[in-house]
Amino acid sequence: MINFVSVEGISKGFGERVLFENISFGINEGQKIGFVAKNGTGKSSMLQIITQMDAPDDGKVVYRKNLKTAFLPQEPYLNPEMTIEQVILAGENESLKAIANYNKALENPEDSEALQVAFDKMEQTNAWDFETQYKQTLSKLKLDDLSVKVDKLSGGQKKRLALANVLLSNPELIFLDEPTNHLDLEMIEWLEEHFNKEKITLFMITHDRYFLENVCNEIVELDTGKLYSYKGNYAYYLEKKEARIEQEAIEHGKTKQLYKKELEWMRRQPKARTTKSKSRIDDFKSIKEKALQRRANHQMVLEINMERLGSKIIELHKVSKSFGDLMVLDQFDYVFKKGERIGIIGKNGTGKSSFLNLITQRITPDKGKVILGDTLKIGYYTQKGITIKPGQKVIEVIKEFGEFIPLKKGRQISAGQLLERFLFDRKKQYDVVEKLSGGERKRLYLCTVLIQNPNFLILDEPTNDLDIVTLNVLENFLLDYPGCLLVVSHDRYFMDKIVDHLFVFQGQGKVQDFPGNYSDYRVYSNSKVDASVQETSSIKVIEDKSSETNKNNWKQNQNTHTGLSFNEQKEFQKTEREIQKLERKKKEIEEEFLVNTFDEATLLEKSNHLQEIIQKLERLEERWLELSEKMEG
């Protein structure tokens, strides 16, 4: 196995804060490494050092001689005066250079000698085929007009152009920082397929768990300043990490017992300091350090006092909206119901964000009406994120909503206590917001949205920049959230776990109303494609009532490899979510019994509640087993 990069004993810190010390590992040919860590623990700093854009405090990074690399940062810089085609042709690739020279020679056809040289170079580098390849890549990334200048592109288009540049530069090793941000679902799946079929070495930071699962053959985790490597995909990493943490807990328990024993020996203060006793004293210092270590594994706690939601929520009647020739909604009708959990998917530019702005009345429809209920209180988490005021401290952001924040059952907590629940310790609360990492800013922004106690929560790309730990906590909160939920996200794992209903934006004002999550939709779409082109065209659009029968027939009769009908698959998923929710509630009550002393009335009330939960769990688990057996059969 050929070693591409050696990381040797690197350390990095800022002032008194040490991110990591004496870290060593290698990147070898063929590895596709996913690098994961909590926000603010040194993930970006590590990548900056490995890509040699920053220097470590100690140690070094050694590259194999003549190694060809490429780096896709989160916020790539491109020359604003260049066109899309000029950016691509300026890339580090022999075929690209041949194409650029040939195009230049064509501008002066009278110089036949230069034209012949350029033509021969095209032949030698097989650039004719490569020209087709790079145009196909740009088309997949929706960069069709090659004459557009960079300064006219959106942030997402710039990210996609930078990605195209990386892919077409034909590197041996690619570094990627959140590559799926600003890509729609179709592009993400294309990129997955591309990385799977290409023999290329990858080192990437991403929170996209399906991407980690489907692309990576190794997960490297930075945890409490140490590096852990797992030779497998994301599912393997989760399994082995849990086993590691359990083993660490056992070892820590043993060390604490040994520490107590050695502490008693030390307190007896032996007078005769033999060589053996001196060695034991030295060992005691090491044991003490290990025994008093505390694992910083705090989990974010989300809790809101949701405003009561009436029967009328949001109604859209014959809503149409266009921007010039671009139609985003055409005669759209929908009445939101209590407890709905709707995901919004579709290609970039099909009107997803415009739809959210219509609902929140940031823009007005061209035709039709958007009616909001009297009790509606919207919480809108936008892609733009938090507005940063120069010099503003983290705690000052929260205090704008009040010194004390109301919670459930009449309780309240201080602004500082709330921030601690969102993993901002006392020291971090007095940092200025500009100093926070991208993920920490998103976490703070999420806090400001939730503390307003919305009963209709709109999340526009909430998973961007959040670490996997925070995502898991957010997902568990949303599973218990009793209000309405509307989510735009390219994170397939997140969508599968949270929503049970989709609006699929297809362009030209057409919106498909689909009863399922993203994976359900993929199964449906693939089954229609496999059946026939004619069946594909019969997908139900909200405005087209005539295809209702086709979809209902599919929902009732579609059987997949699981052996369950579509409705049974939905029931199976819903049952699993309900079991998880009840198990959490059961654990919470049991922990209350362990740490609290209740009066007789409260004790009886909590005991009855616990018994109800246990009985419901038993019923759900029985049904889950029935469906599992049918699935396996």
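Let me start with one pair of side chains: aspartate 223 and arginine 244 form a salt bridge, and their closest N and O atoms are 3.4 Å apart. Aspartate 223 sits in strand β8, residues 218-223, and arginine 244 sits in helix α9, residues 234-267, so the pair links distant parts of the chain, 21 residues apart. Are these two buried or exposed? Aspartate 223 counts as buried because its relative accessibility is 7%, under the 20% limit. Arginine 244 is buried as well, with a relative accessible area of 13%.

Before I go on, please keep in mind that this is a predicted model. Everything I describe is computed from that model.

Now the overall picture. The protein chain has 633 residues, and buried residues make up 47% of them. The chain has 22 helices and 20 strands. If we take the contacts with a separation of 6 or more, 68% of them are between residues 24 or more positions apart.

Back to salt bridges. The general idea is that side chains of opposite charge can pair when their charged atoms come close. How many salt bridges does the structure hold? It holds 24. One of them joins glutamate 189 and arginine 522, with the closest N and O atoms 3.2 Å apart. Glutamate 189 lies in helix α7, residues 185-197, and arginine 522 in helix α18, residues 518-531, so this pair ties together parts that are 333 residues apart in sequence. Arginine 522 is partly exposed, at a relative accessible area of 30%.

Another salt bridge runs between glutamate 403 and lysine 399, where the closest N and O atoms are 3.8 Å apart. Glutamate 403 is partly exposed, with a relative accessible area of 47%. Lysine 399 is partly exposed too, with 34%. There is also a network: Arg209, Glu475, Asp491 and Lys497 are joined by salt bridges that share partners.

Next, the sheet. Which strands form it, and in what order? There are 6 strands in an open sheet, in the order β14-β17-β18-β12-β19-β20, and the pairing is mixed. The edge strands are β14, residues 378-381, and β20, residues 510-514; each of them pairs on one side only. On average, neighbouring strands of this sheet are turned by 15° against each other, direction ignored.

Look at one edge in detail. Strand β14 is joined by 4 bridges to β17, residues 456-460, and the two run parallel. Tyrosine 381 stands opposite leucine 459 in β17. A helix lies across part of this sheet: α16, residues 468-480, lies across β12 (341-346), β17 and β18 (484-488). Helix α16 runs at about 150° to β17.

On to the nonpolar cores. The largest one has 52 residues, and the members that touch the most other members are Tyr134, Leu138, Leu161 and Phe195. Which helix gives the most to this core? That is α6, with 7 residues. Take leucine 138 as an example: leaving aside its neighbours within four places in sequence, leucine 138 is in contact with Ile84, Ile88, Leu143, Leu146, Leu161 and Ala164. A second, separate core has 46 residues, including Ile405, Phe422, Val449 and Tyr481.

A brief word on cysteines. The structure holds 0 disulfides. Two cysteines are worth locating: cysteine 447 counts as buried because its relative accessibility is 0%, and cysteine 484 counts as buried at 0% as well.

Last, the backbone. Most residues other than glycine have a negative phi. Here are two lysines with a positive value. Lysine 142 has a phi near 60°. Where does lysine 142 lie? Its place is the loop between α5 (127-140) and α6 (155-168). Lysine 142 is partly exposed, with a relative accessible area of 31%.

The other one is lysine 318, with a positive phi of about 50° although it is not a glycine. Lysine 318 is in strand β10, residues 314-323. Why does lysine 318 count as partly exposed? Its relative accessibility is 45%, and partly exposed covers the range between buried, under 20%, and exposed, over 50%.

That is the end of my part.

Note on methods:
Residues numbered from 1 in each chain as written. Predicted model: local features only at pLDDT ≥ 70, side-chain atom pairs only at ≥ 80, totals over all residues. Heavy atoms only, no water. Pairing = 2+ DSSP bridges. Axes fitted to C-alpha atoms, helices over the stretch in contact; angles between N-to-C directions. Contact = heavy atoms within 4.5 Å. Disulfide = S-S within 2.5 Å. Buried < 20%, exposed > 50% of the residue type's maximum accessible area, 1.4 Å probe, protein only. Salt bridge = Lys/Arg side-chain N within 4 Å of Asp/Glu carboxyl O. Core = buried A, V, L, I, M, F, W, Y, C linked by side-chain atoms within 4.5 Å.
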